[in-house]
Every structure is written in structure tokens, then in C-alpha cells.
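Please look at the model shown here, and then work through the questions and answers that follow it.

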Amino acid sequence: MKTRPAFDDAASAGIITAEQARALSAFYATRPGGAVSFDLAHVLWYAGALVVIGAMGLFSTLAFGMMGGPALTATALIYAAAFVAAGRHLRIAHDLPVPGGLLIACAVAMTPLAVYGLQESWGWGEQGRPGAYRDVFTWIKGGWVPMEAATLVASAIALRATRFGFITLIAAVALWFLSMDIGLRATGPDLDWETRRTISLWFGLGLIAFAWAVDLRQKRTDYAFWLHLSGILTFWGALTWQSSDSEVAKALYALLNVALIGLAIFLSRRIYAVFGAIGVALYLGDLANRVFKDSLLFPFALSLIGLGLIGLGILYQRHADRIGGTMMRSLPGSLRRWRPDHGDRA
């Protein structure tokens with residue numbers, strides 16, 4: 001993995017010039033799989049952005065909503081303009097693309113608030129006022145559709161201008177909310193839990209397929225990671241929170257999680273292996289609970305399961321290239337072309 005400090009060290013040693021160090025750093029930062037690995041600085045940057053987005057959305061209070069429509073829209077636009085200006089300054093003047101891109105993502109996240117203020121000012125139409133602004137993130141209501149559609153447009157504009165992959169996460173969340181709210185309009189006011197889970201399941205599958213397609217086409221920026229993350233979170237969450245006493249359904253759940261691990265190897269996306277392993281562990285834990293219920297052997301059985309998973313992880317780490325190579329050699333040529341051409345990524 002090439003990093004800016006490594007190039008700077010090479011420049012200090014006289015191997016390359018300072019200008020070449022900057023150019024190489026910029027080149028590798030935009031290559032798929034060439035992004036800098038997460039360190040403490042990255043964790044703090046992303047955590048800060050999520051706090052800002054949450055503060056202006058999920059954790060907004062009723063007092064925030066009492067500002068009135070025009071004031072809410074003005075607040076959102078002022079914040080967005082400030083975030084864009086600061087983000088561009090960090091990206092251009094200080095060569096800090098990650099914190100700069102996160103600030104621009106925060107600007108995109110102001111879109112629902114701006115549209116909410118406009119709807120408060122101009123009226124909500126036949127849907128009526130769905131509720132306070134914070135309800136956007138917790139309740140399914142048909143009146144939220146314009147806010148979600150506007151967020152998708154703002155995300156597309158920001159992505160075209162900055163090519164910062166994290167913005168795709170905001171777009172994916174908005175698209176998921178939109179699918180739920182459109183589902184409410186299509187099925188009527190009584191959108192039960194099972195229907196919501198089914199919508200999420202198919203939406204997650206669709207998003208995974210779209211992320212796969214992006215993986216096959218992208219040349220520079222790794223947009224697909226956040227799409228893969230959103231897709232597997234939605235699909236796996238809907239799959240895991242199903243309610244069934246059928247042993248066949250539970251076994252099928254375990255097999256699907258094993259398939260996710262195989263998909264992780266095929267796509268070189270470790271995020272699927274993470275969720276697949278968690279799903280397998282949940283199934284084995286439930287099985288151990290039923291077999292050793294009210295027995296002193298239960299914690300020991302769980303411990304053995306955990307140690308077994310750790311052992312499998314070590315085994316895979318040692319033979320990852322061989323396993324991946326064997327998989328690719330066993331696949332027909334018609335399937336090989338569907339494997340994204342990149343190194344192993346999260």
C-alpha cells in the first residue's frame with residue numbers, strides 16, 4: 001500500500017523529487033484499492049462527520065422543528081454552503097481529500113432539512129404533515145418522498161463534482177428510505193413488519209447487484225465499497241431478523257451466510273465474509289442453545305464454536321491466494337468475467 005508519508009520519505013532521501021512525491025500520492029489515492037487504510041485519524045474524521053449528520057437529523061429536537069419552514073431551509077443552506085467551502089478548502093489548499101470530502105458529504109446531508117423547510121412553507125399536499133423533522137429517520141411516511149428524491153439528486157451532483165465514495169452511502173440510505181415510503185404509498189397505510197422486511201430484503205439484493213456492476217466498471221474511485229456495505233447491511237439485516245421456528249428455514253439461513261463467505265472470495269470484498277461469519281455464528285449459537293439447553297456444556301460449546309471460527313480465519317489467511325485461485329480455476333470462463341479485477345478490499 002503506497003501512502004503519502006512513504007513518498008515523502010523517498011523524497012527526503014533524494015530518490016524522487018517533492019513534486020513527484022505529491023503526484024504519486026495523488027495517483028495512488030484515486031486507484032481502486034489504493035485508498036489509505038483506516039488509522040486513528042480516519043476513524044476520527046468519519047466519526048466526526050457521522051456526529052454532524054446525526055446532530056442535524058436523527059438527534060434533532062422538537063425545538064429545532066419549531067424554527068419554522070423558512071428558518072429551517074435557511075439554516076440548512078447556510079450550513080451546506082459553509083461545509084462545501086470548508087471541504088473544498090481542505091481538499092485543494094491543504095491536500096486533505098478525506099476530511100474535505102466528508103465535509104461535502106455533510107453538506108449533502110443538509111438536503112432533507114432544506115426540503116423539509118420548503119414543504120413546511122409551501123404545504124405538504126394531500127399527504128398532510130407527516131411529523132417532526134426527526135421522524136424522517138424513524139418513521140415511514142409518504143410525505144418524505146420529495147426530501148429523499150432531492151437527496152439523491154444532491155448526492156449525484158456532489159459525486160460528479162468531488163468523486164468521494166462516502167457520498168454514495170448517503171445516497172443509498174436515501175434510496176432505501178424512498179423504497180419504504182413508495183412501498184407505503186403502493187400498499188396503503190398498513191405497512192406491516194413482514195412487508196417492510198421483504199422490501200428491505202429485495203432492496204438489499206438489488207443494491208448488492210448494483211455495487212457489483214459498479215465494481216466491474218469503475219476505473220479510479222472506489223464508489224462500490226459503500227454500496228456493498230449498504231446493500232449487505234440491508235439484505236443481511238432483513239434476512240437475520242426474520243421470525244421462523246422451521247429447522248429448514250434456519251438451515252437455509254446458515255447456507256445463505258456460507259454463500260456470503262463464498263461471495264466475499266469471488267468479489268474480493270471482505271465485508272461479505274464479515275456478515276456471513278456473524279450469521280454462521282448466530283446459527284451455530286442457536287443450535288448449541290437448543291442442543292445443550294440448561295446444560296453446563298452450553299458455554300463450553302459456544303467457546304468451541306468461537307475458537308473454531310478463529311481457527312478457520314487463521315487457515316483462510318494462510319491460504320487465501322490458494323483458495324481464491326482454486327475457486328477461479330474451477331469456474332467456467334463465462335463466470336470469470338463477472339469477477340471484478342481488483343485486489344482484496346474491505
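Q: What length does helix 8 reach from its first C-alpha to its last?
A: This is a predicted model, in which local features need pLDDT (the predictor's confidence in each residue, from 0 to 100) of at least 70, side-chain atom pairs count only at pLDDT 80 or more, and totals for chains, interfaces and linings use all residues. Residues are numbered from 1 along each chain as its sequence is written, and side-chain values use heavy atoms, with hydrogens and water left out. Helix 8 (a DSSP run of H or I, at least four residues, numbered from the N terminus) covers residues 145-162 and has 18 residues. At 1.5 Å a residue, counted for one less than the number of residues, the expected span is 26 Å, and the helix comes close to this, reaching 26 Å.

Q: Which residue with a positive phi follows helix 8?
A: Helix 8 ends at residue 162, and the phi of the residue that follows is near 55 degrees. That residue is Arg-163.

Q: How are helix 7 and helix 8 oriented to each other?
A: The axes (lines fitted to C-alpha atoms over the stretch in contact, with angles from 0 to 180 degrees between N-to-C directions) of helix 7, residues 111-122, and helix 8 come within 8 Å and cross at roughly 140 degrees. Angles under 35 degrees count as roughly parallel, over 145 as roughly antiparallel, 65 to 115 as roughly perpendicular and the rest as oblique. The two helices are therefore oblique.

Q: Which residues of helix 8 does helix 7 meet?
A: Contact means heavy atoms within 4.5 Å. From helix 7, Thr-111, Pro-112, Val-115, Tyr-116 and Gln-119 take part, and in helix 8 they meet Pro-146, Met-147, Ala-150, Thr-151 and Ala-154.

Q: Which helix has the highest confidence?
A: The chain averages a pLDDT of 76. Confidence is lowest in helix 4, at a mean of 60, whereas the highest, at 90, belongs to helix 6.
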